[in-house]
Amino acid sequence: MIVTLEHLNLSYGKTKIFDDLTLTIQENSFNLLIGPSGIGKSTLLKIIAGLFPQLKGTVLVDNIAISQLPANQRAQYVGFLFQDPDTQFAMPTPFEELTFTLENLQIASDEIAERATAALKFVGIEQLANQQMTTLSGGEKQKVALAIIVAMKSKLLLLDEPFANVDMTARQEILKKVKTLQADGVTILVADHDFSGYPEIVNNVWEIHNHKISALDHTQFIQRLPKPQHHTFKIISEGVFELNHFKLLNEKKTLITVPELLIGAPGITLLTGANGSGKSTLFNALTKLKSFDGQITYQSKNIQKLKVARYVQEVALLFQSPERQFLRMTVDEELTLSYQHSQQRAFWSPQKIDHYLTRLNLLHLRQHVVYQLSGGQKKKLQLLLMLIVSTPVLLLDEPIAGLDVASVRVVAEILQELSTQGKQRFIIISHQLDALLPVVNYHLHLDHQTLYYQEQF
C-alpha cells in the first residue's frame, strides 16, 4: 500500500509543524520514522491515518483520501497503534478487547475467535488472553495493543513508539515478527527513538527536521546507533527500604519472594526485569498502593503503620502514564502547583525552574495545555514536576520511555546532579539503558521471582 503526502502544511497557532512536506512510502516496505521529541512524528502518523481531515496538501493511502472514509472502513487500510495503549482499550481482558475490535469491523462470528487467538500467539502473549487489563504491566499492554493491530489485518500499520515499555529480549522477538508481515503485503511505518534492532530489518529511515522530512541512508543511520558499553556497579551497604519475608502477588500469581533485602541507597538504583515480572507492582507496594505479605520498613519503620499524609512526603511515585499525574491545565499551572508543595523551595527558585525547563527544551511551552504536548514533552514535564516536589525518595517507572536520545542524556545528567547533591534518592525502572547506565550506582535485577543486585553489566 503506497502512502503519498504532497505539499503538506500544518501549524498549531503560530508554531509551524510541517512546511511543504512531501513523502512517498513504497508498498510492502518497512519504514522507521525518527526525530527529536515534539518534532511531529506522532502528528504525521495521525495525518496518514486520516485523523487530521483539515489540512493543506494531499494525503493519500493507496490513492484514497483516508480521512474521507467512514471510520469502520479505514481499518481495512490503516491500523494505528497509539503511544499510550490505554487510550485504545475498552474491554476488561485482552481476548474480549480483540473480540470487540473484530466485531466492530464486522468480521464473521466464526472467524473472530480464531483471529484473536492467532494474533495473541503471534505477539507471544497467549497466556494473557483472559487476564484483567488493569493487572498488566505497561509492556504487556503494548503487546496487547500490537496484537489488536495484527488481528485487524490492515494493509498499512502505523506504530507509534510500540516498544517503549517492552523489555529488550521481547522487543527483538516482536520486531522480527512484525517484519514477517511484509510477506503478506503489509506496509509498516514505525516512529521510534530506540534504534536497536532496526538496521537489519528496515527498508527506509525517514527523519523529520526543520518542518520537513528526508531519507537517511544506511551508513548515516548506523552511525547513530549506541556503542556497546560495560559498567560496574556499587555493592549496597545501606538503604531506606528493607524487605523482610516479603511476598508479592498479582491476583493469584506469585511475582516476587524475598527473604531479606535493602533498597534505596544514596544515588541512583536501576531496577530491571522482563515485562510482567513485577517491577511496577513492587513500586506500588513500596508506596502503599498494593498489598503484600511480609514487611517493608522505611527508615526502620513499618510502612503499614505510617500515616499516608506523612509517608507521601517521604516517598513519591512517577507513573508510567504522565497524564495520570497531571492535575492542572497548563504547564505553568502544573509548575506552580509543584512549587507550592516543594520541600526544597530554596533550591527550586523560579530561576532554577527556568534553568531546568531550558535544559529539557520546555521553556517555550509554559503556556501550553499539558494534554496538547507530545508524548516526550509530557514525560519530561512530569519528571520535572516530581523533582520540584522533592520527596527524599522518588520511584520512577519508565521515566525515559519515548524520549529521543538527546533528551534521555539530559534527563540522566539531571538525575545524576540531583542525586550527587543529595537532593533525592532515585530508583528507576527502565528498558532503555544506553544513556542511563553511566549514571547508575546500583543495579537491582528481578528474575524468576527473585530480586538481586548485579555488579556487572
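In this predicted model, the largest nonpolar core has 48 residues, and those that touch the most other members are Phe 30, Leu 32, Leu 146, Leu 159, Val 178, Ile 188 and Tyr 198. At least two residues of this core come from each of strand S3 (30-34), H3, H4, helix H5 (138-152), strand S6 (156-160), helix H6 (168-180) and strand S7 (187-191). H5 gives the largest share, nine residues.

Leu 146 can be followed through its contacts. Leaving aside neighbours within four places in sequence, Leu 146 is in contact with Leu 81, Val 123, Leu 159, Ile 174 and Val 178. Apart from this core lies another, of 43 residues, which includes Phe 326, Tyr 356, Leu 360 and Leu 418.

**Packing of H3 and H4**

Two packed helices are described by the angle between their axes and the distance between the axes. For helix H3 (residues 94-104) and helix H4 (residues 109-123), the angle is about 130 degrees and the axes are 9 Å apart. H3 is therefore oblique to H4. The crossing of these two helices is right-handed. On the H3 side, the contact is made by Pro 94, Phe 95, Leu 98, Thr 99, Leu 102 and Glu 103, and on the H4 side by Ile 112, Ala 113, Arg 115, Ala 116, Thr 117, Ala 119 and Leu 120. By type, the residues of this contact divide into nine nonpolar, two polar and two charged.

**The loop before H3**

Pro 85 lies in the loop between strand S5 (78-81) and H3. Its relative accessible area is 6%, so Pro 85 is buried, the cut-off being under 20%. Not counting residues up to four places away in sequence, Pro 85 touches Lys 141, Gln 142 and Ala 145. The C-alpha atoms of Pro 85 and Gln 142 are 5.8 Å apart in space, while the two residues are 57 apart in sequence. A second pair, Gln 220 and Leu 51, is 169 residues apart in sequence and 32 Å apart in space, C-alpha to C-alpha. Gln 220 is found in helix H7 (residues 218-223).

**Accessibility of single residues**

The table lists three partly exposed residues and the relative accessible area of each.

| Residue | Location | Relative accessible area |
|---|---|---|
| Asn 28 | Loop between strand S2 (15-25) and S3 | 34%, partly exposed |
| Gln 220 | Helix H7 (residues 218-223) | 35%, partly exposed |
| Gln 449 | Loop between strand S18 (442-447) and strand S19 (450-454) | 36%, partly exposed |

**Positive phi values**

Most residues other than glycine have a negative phi. Asn 28 is not a glycine, yet its phi is positive, about 60 degrees. Gln 449, also a residue other than glycine, has a positive phi near 70 degrees. Lys 288, which follows H8, has a positive phi as well, near 65 degrees.

**Helix H8**

Helix H8 (residues 279-286) is mostly covered, with six of its eight residues buried. Those buried residues are Lys 279, Thr 281, Leu 282, Phe 283, Ala 285 and Leu 286.

Terms used. Residues are numbered from 1 along each chain as its sequence is written. This is a predicted model: local features need pLDDT of at least 70, side-chain atom pairs count only at pLDDT 80 or more; totals for chains, interfaces and linings use all residues. Side-chain values use heavy atoms; hydrogens and water are left out. Buried means under 20% relative accessible area, exposed over 50%, partly exposed in between (1.4 Å probe, protein chains only). Helices (H or I, at least four residues) and strands (E, at least two) are DSSP runs, numbered from the N terminus. Axes are lines fitted to C-alpha atoms, for helices over the stretch in contact, and angles run from 0 to 180 degrees between N-to-C directions. Angles under 35 degrees count as roughly parallel, over 145 as roughly antiparallel, 65 to 115 as roughly perpendicular and the rest as oblique. A crossing is left-handed if the near helix is turned anticlockwise from the far one by less than a right angle, and right-handed if clockwise. Contact means heavy atoms within 4.5 Å. Ala, Val, Leu, Ile, Met, Phe, Trp, Tyr, Cys and Pro count as nonpolar, Asp, Glu, Lys and Arg as charged, and the others, Gly among them, as polar. A nonpolar core is a set of buried Ala, Val, Leu, Ile, Met, Phe, Trp, Tyr and Cys residues joined through side-chain atoms within 4.5 Å.
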